[in-house]
Number of protein chains: 4
Amino acid sequence: MELQQLVSSIAADVTPDGAVADYIPALARIDPHAFGLAVATLDGEVFGAGDFETPFSIQSISKAFMLALALSQGDDVWSRVGREPSGSPFNSLVQLETEQGIPRNPFINAGALVVTDHLGYGAADKLLKFLRRESGNPDVDVDPEVAKSELDHSDRNRALAHFMASYGNMRNNVDVVLHEYVRQCSIEMSCADLARATLFLARHGVRNDGTRLLAVSGAKRVNAVMLTCGTYDAAGQFAYRVGLPGKSGVGGGIIAVVPGKCAIAVWSPGLDARGNSVAGLDALDRFTTLTGWSVF
Amino acid sequence: MELQQLVSSIAADVTPDGAVADYIPALARIDPHAFGLAVATLDGEVFGAGDFETPFSIQSISKAFMLALALSQGDDVWSRVGREPSGSPFNSLVQLETEQGIPRNPFINAGALVVTDHLGYGAADKLLKFLRRESGNPDVDVDPEVAKSELDHSDRNRALAHFMASYGNMRNNVDVVLHEYVRQCSIEMSCADLARATLFLARHGVRNDGTRLLAVSGAKRVNAVMLTCGTYDAAGQFAYRVGLPGKSGVGGGIIAVVPGKCAIAVWSPGLDARGNSVAGLDALDRFTTLTGWSVF
Amino acid sequence: MELQQLVSSIAADVTPDGAVADYIPALARIDPHAFGLAVATLDGEVFGAGDFETPFSIQSISKAFMLALALSQGDDVWSRVGREPSGSPFNSLVQLETEQGIPRNPFINAGALVVTDHLGYGAADKLLKFLRRESGNPDVDVDPEVAKSELDHSDRNRALAHFMASYGNMRNNVDVVLHEYVRQCSIEMSCADLARATLFLARHGVRNDGTRLLAVSGAKRVNAVMLTCGTYDAAGQFAYRVGLPGKSGVGGGIIAVVPGKCAIAVWSPGLDARGNSVAGLDALDRFTTLTGWSVF
Amino acid sequence: MELQQLVSSIAADVTPDGAVADYIPALARIDPHAFGLAVATLDGEVFGAGDFETPFSIQSISKAFMLALALSQGDDVWSRVGREPSGSPFNSLVQLETEQGIPRNPFINAGALVVTDHLGYGAADKLLKFLRRESGNPDVDVDPEVAKSELDHSDRNRALAHFMASYGNMRNNVDVVLHEYVRQCSIEMSCADLARATLFLARHGVRNDGTRLLAVSGAKRVNAVMLTCGTYDAAGQFAYRVGLPGKSGVGGGIIAVVPGKCAIAVWSPGLDARGNSVAGLDALDRFTTLTGWSVF
């Protein structure tokens with residue numbers, strides 16, 4: 001089956017389900033029945049179906065790109081954040097206390113705050129610049145309403161940041177880090193944009209313009225962290241069902257990587273109990289079953 | 001480079017290091033400088049170096065085979081054990097209490113006890129029969145001294161079993177389960193035996209005699225669980241450095257799977273702080289770096 | 001008001017409420033509306049009302065007497081068990097793991113198992129002998145049906161015992177300790193019996209025959225542990241409402257001590273969510289309010 | 001023995017020991033060998049020895065007075081904070097997460113932040129006014145250097161406050177609460193001042209001017225919370241050794257109450273591993289042993 005046919009057929013078969021994230025009003029308003037799927041092949045061609053050109057809030061998907069940007073500057077971020085699965089809900093403080101202010105991995109909120117702090121003032125702008133270039137879409141931007149709303153509901157993340165600061169694991173002022181953090185979470189992109197922007201991970205570190213963001217080993221390692229930690233408390237389940245490195249967000253988006261073949265982005269706002277898109281997971285499950293392209 | 005050359009060169013380059021497991025006398029006596037490496041290709045050919053024909057105690061490596069045997073009987077074991085990384089040391093009781101007697105995955109001790117209980121009386125003999133057939137070595141057997149010693153030091157595992165029994169997640173008598181469990185942990189095999197016995201996971205479920213133990217999806221799923229949960233509290237680190245599904249044991253052995261290509265077994269008794277073979281990890285790291293065969 | 005009047009008036013005013021413990025059939029059959037109250041003054045006189053002469057299962061109340069017996073042999077039990085409130089439900093394993101097999105206090109199940117192990121083989125018989133002498137009732141005995149039933153539901157306690165054994169904090173065989181433990185929990189006594197048997201704690205260590213079981217400081221210390229740890233996860237609430245050293249059991253009994261004045265025993269099988277007798281707590285609350293005899 | 005003799009003899013016998021709190025410079029500079037002891041009887045007479053008139057930083061002792069002030073306004077503070085011992089180090093976040101933002105008791109930092117928030121803007125001034133009146137010393141005041149230093153090291157407490165805010169258990173702005181909180185901790189008083197200011201708890205709620213701050217039951221309840229939760233993770237130990245309601249601070253001070261008899265304040269800056277004054281505990285232990293005035 002051709003990729004376009006495959007993508008269209010999956011879009012036709014899945015049924016959006018689950019509850020839309022409602023902790024901020026801007027997300028709660030989204031139509032739960034939206035569904036988009038895009039696959040970008042190594043040469044940059046995009047095959048899409050459904051609402052694959054509709055921008056949505058990428059939320060925690062940004063954490064994967066932030067990690068890549070931090071690693072492109074060197075390996076020292078690993079002295080400040082681990083790379084083991086957390087085994088607990090994504091914003092738990094318990095493990096942070098046990099492990100002296102070092103978050104378990106860059107994809108739990110505490111870890112993403114450390115990565116943001118590591119990139120420092122201007123982190124969100126660096127990310128925006130990168131995503132515009134890779135997606136080829138200069139209009140990729142922060143939704144200021146979402147960003148403001150996230151900031152108004154940031155007590156939990158402020159608690160995490162101050163807690164890490166108490167262990168000496170925060171370089172910038174907590175307010176600065178929170179502002180950068182909520183901006184990157186509030187970026188809007190479509191599945192097509194995201195699939196293109198994720199290609200460097202399928203291309204072992206090489207960007208769409210042929211330059212290298214990460215060494216081969218660096219790109220593989222981002223994929224490894226995505227596979228083991230990319231979907232909150234459901235990483236095992238994701239590896240079991242989908243079998244690809246992936247990163248999800250509470251906006252209902254998921255990106256996934258087939259190393260050496262393609263990058264995938266899927267979006268459907270209805271979430272399961274663990275915060276992952278119901279139809280998104282289903283679509284990726286079907287994709288790897290039909291193509292045989294799981295890494296296992 | 002040919003596989004034999006590669007295997008020999010790795011064996012020449014690694015330096016056994018770390019402390020031998022000493023919680024039972026039979027393991028504490030092993031020479032910490034031993035090192036063996038074997039790679040079995042899909043057609044059953046084995047390339048080995050170092051002490052690759054010396055039998056050693058497979059310990060927790062048995063958990064991967066037990067899971068495969070349980071899944072070959074059907075999927076219902078998943079109602080009794082999860083498949084998420086544990087995020088805590090491998091014998092922690094905390095998570096078991098939080099999650100009402102359902103262990104996080106089949107590779108922590110509690111989960112392996114449930115799988116053993118699921119296979120029931122005779123579980124260890126079923127495993128022995130399977131391993132003899134797959135390795136082609138009819139002499140594969142339990143070391144009775146190790147088994148006896150494990151039984152004499154089984155208070156922690158008995159605690160886990162009774163604790164799960166208190167939640168109704170134990171079908172057989174705790175004594176029966178413990179006996180089966182210590183026998184399977186005390187099986188002795190060489191790297192060559194193990195690499196051959198692991199081939200069904202590289203062959204998407206097909207045994208060495210061409211019959212099928214697991215469906216394609218079933219074999220992929222065992223690999224997924226190995227990648228996310230196979231190396232105690234260091235699964236993220238293993239995925240990051242090695243990038244293959246793997247399962248380690250405190251005897252110093254590790255098996256790893258390159259889907260569609262080969263199975264690897266490595267052994268060196270010196271362990272790191274998380275209970276994984278130091279030289280074993282190093283050898284696998286070199287192997288995927290030199291071959292480029294990580295799944296990422 | 002005279003004590004007899006007071007006791008009768010409290011018995012008339014309280015309303016038994018709550019759910020009877022149902023983890024074993026023998027306890028689940030008890031009439032939830034039963035209520036008895038007895039106050040024994042220092043000279044041994046008993047003032048009772050309601051079902052104060054009906055025997056009931058003392059359950060965890062036995063832990064207070066066991067601690068006193070262990071301390072009468074010397075202070076070394078404190079090297080094996082702490083005396084801090086647990087801050088968690090009474091049979092939690094978490095704290096035991098964090099604190100290396102040393103239970104937080106002698107009144108959580110793990111701690112009582114250590115005290116039982118400390119007294120060793122024959123512990124339950126020692127306790128029976130003591131309780132018969134102090135209560136003046138030679139018929140005080142174990143209910144064998146309850147003991148058998150407790151033994152049949154002892155997986156959780158076996159888990160605790162094996163867990164402590166794995167840390168080297170169990171001297172006797174786990175089976176022996178469990179047998180002694182369930183026997184002591186299954187002793188039946190009436191409020192009148194219990195009030196008399198508790199007098200040594202009101203008399204700063206002096207038994208009913210004038211001999212001394214504990215030094216003054218020893219008796220005060222048992223009272224201190226009762227006040228801070230005697231009512232499961234509700235010790236703070238008990239201190240706040242009642243303000244006396246007390247020890248409760250899931251059979252619905254509670255003993256309390258007014259140092260230098262009297263001992264109180266109350267019984268009503270209906271329990272609140274934390275395992276303490278609803279009407280029992282209410283009666284003790286009224287008692288200290290009416291007499292002003294809280295220690296605060 | 002007369003009280004003055006007793007107090008002098010205890011001061012002569014104890015040996016200051018332990019390490020001075022060093023998390024802020026202003027506390028780290030204190031002479032570890034200082035020792036003061038004061039006993040105030042119900043009529044307001046003070047018996048003192050050693051450095052009993054030297055002001056020191058009362059730190060967490062303020063939490064007992066803040067609770068009393070909050071309760072003098074009504075009982076509703078109990079809907080926002082529990083009254084059970086915490087069973088964990090005093091600033092742990094774990095329990096707060098498990099119990100949905102409701103701190104276990106008013107004497108752990110999280111609980112004291114809630115009480116401060118409950119009293120609202122001006123809380124520290126209310127406390128100052130109260131302490132000046134009760135101590136009879138109009139010069140009782142905040143040490144601004146200590147307050148500033150506390151504020152500069154408040155990341156952990158900010159984390160706690162934001163965390164509770166995320167559960168809706170913070171009414172005022174976190175910055176406001178923190179400012180009030182550090183001011184109250186930074187009040188300086190002598191043992192003589194503190195003993196007099198604590199008398200209302202020995203007098204069942206009646207202030208030094210004869211007016212009532214708390215009902216009899218209210219005063220008894222503050223005493224109950226002090227006994228079960230007043231000395232961090234050592235409340236059981238304190239009840240066992242001293243047997244009085246007490247509240248300690250990392251400045252090395254401890255207050256204790258003998259209901260119906262007297263109030264005691266002791267100070268020596270050297271702390272044990274749990275944050276309580278070594279010589280202070282020793283002095284109180286001797287005091288209750290010599291007088292027989294433990295509540296048990």
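This is a short dialogue on reading chain contacts and a hairpin in a predicted model.

Trainee: What should I know before I start reading?

Mentor: The model is predicted, so local features need pLDDT of at least 70 and side-chain atom pairs count only at pLDDT 80 or more, while totals for chains, interfaces and linings use all residues. Residues are numbered from 1 along each chain as its sequence is written, chains are lettered from A and ligands numbered from 1 in the order in which they are written, and side-chain values use heavy atoms, leaving out hydrogens and water.

Trainee: How many residues do chain A and chain B each bring to their contact?

Mentor: Contact means heavy atoms within 4.5 Å. Chain A gives 33 residues and chain B gives 32 residues. Buried area is the accessible area (1.4 Å probe) that two parts lose on being put together, summed over both. For chain A and chain B that comes to about 2700 Å², with 53% on carbon and sulfur atoms.

Trainee: And how many salt bridges are there between chain A and chain B?

Mentor: A salt bridge is a side-chain nitrogen of Lys or Arg within 4 Å of a carboxyl oxygen of Asp or Glu. The count here is four. One of them pairs B:Asp233 with A:Arg104, whose closest N and O atoms are 3.2 Å apart.

Trainee: Which elements of chain A give two or more residues to that side?

Mentor: Helices are DSSP runs (H or I, at least four residues), as are strands (E, at least two), numbered from the N terminus. On chain A they are helix H11 (216-229) and helix H12 (235-241). H11(A) has the largest share, seven residues.

Trainee: How does the pair of chain B and chain C read?

Mentor: Each of these two chains puts in 14 residues. They bury about 1300 Å², 59% of it from carbon and sulfur atoms, and the salt bridge count is zero. On chain B, helix H4 (94-98) and helix H8 (155-166) each supply at least two residues, and H8(B) provides the largest share, eight residues.

Trainee: How far apart are the closest C-alpha atoms of chain A and chain C?

Mentor: They lie 11 Å apart, and no contact joins those chains. Chain B and chain D don't touch either, with nearest C-alpha atoms 11 Å apart.

Trainee: Which way do S1 and S2 of chain D run?

Mentor: Two strands pair if DSSP finds at least two bridges between them. Strand S1 (residues 36-41) and strand S2 (residues 46-50) of chain D run antiparallel, joined by five bridges. D:Leu37 stands opposite D:Ala49. Four residues sit between the strands of this hairpin, where D:Gly44 takes a positive phi near 100°.
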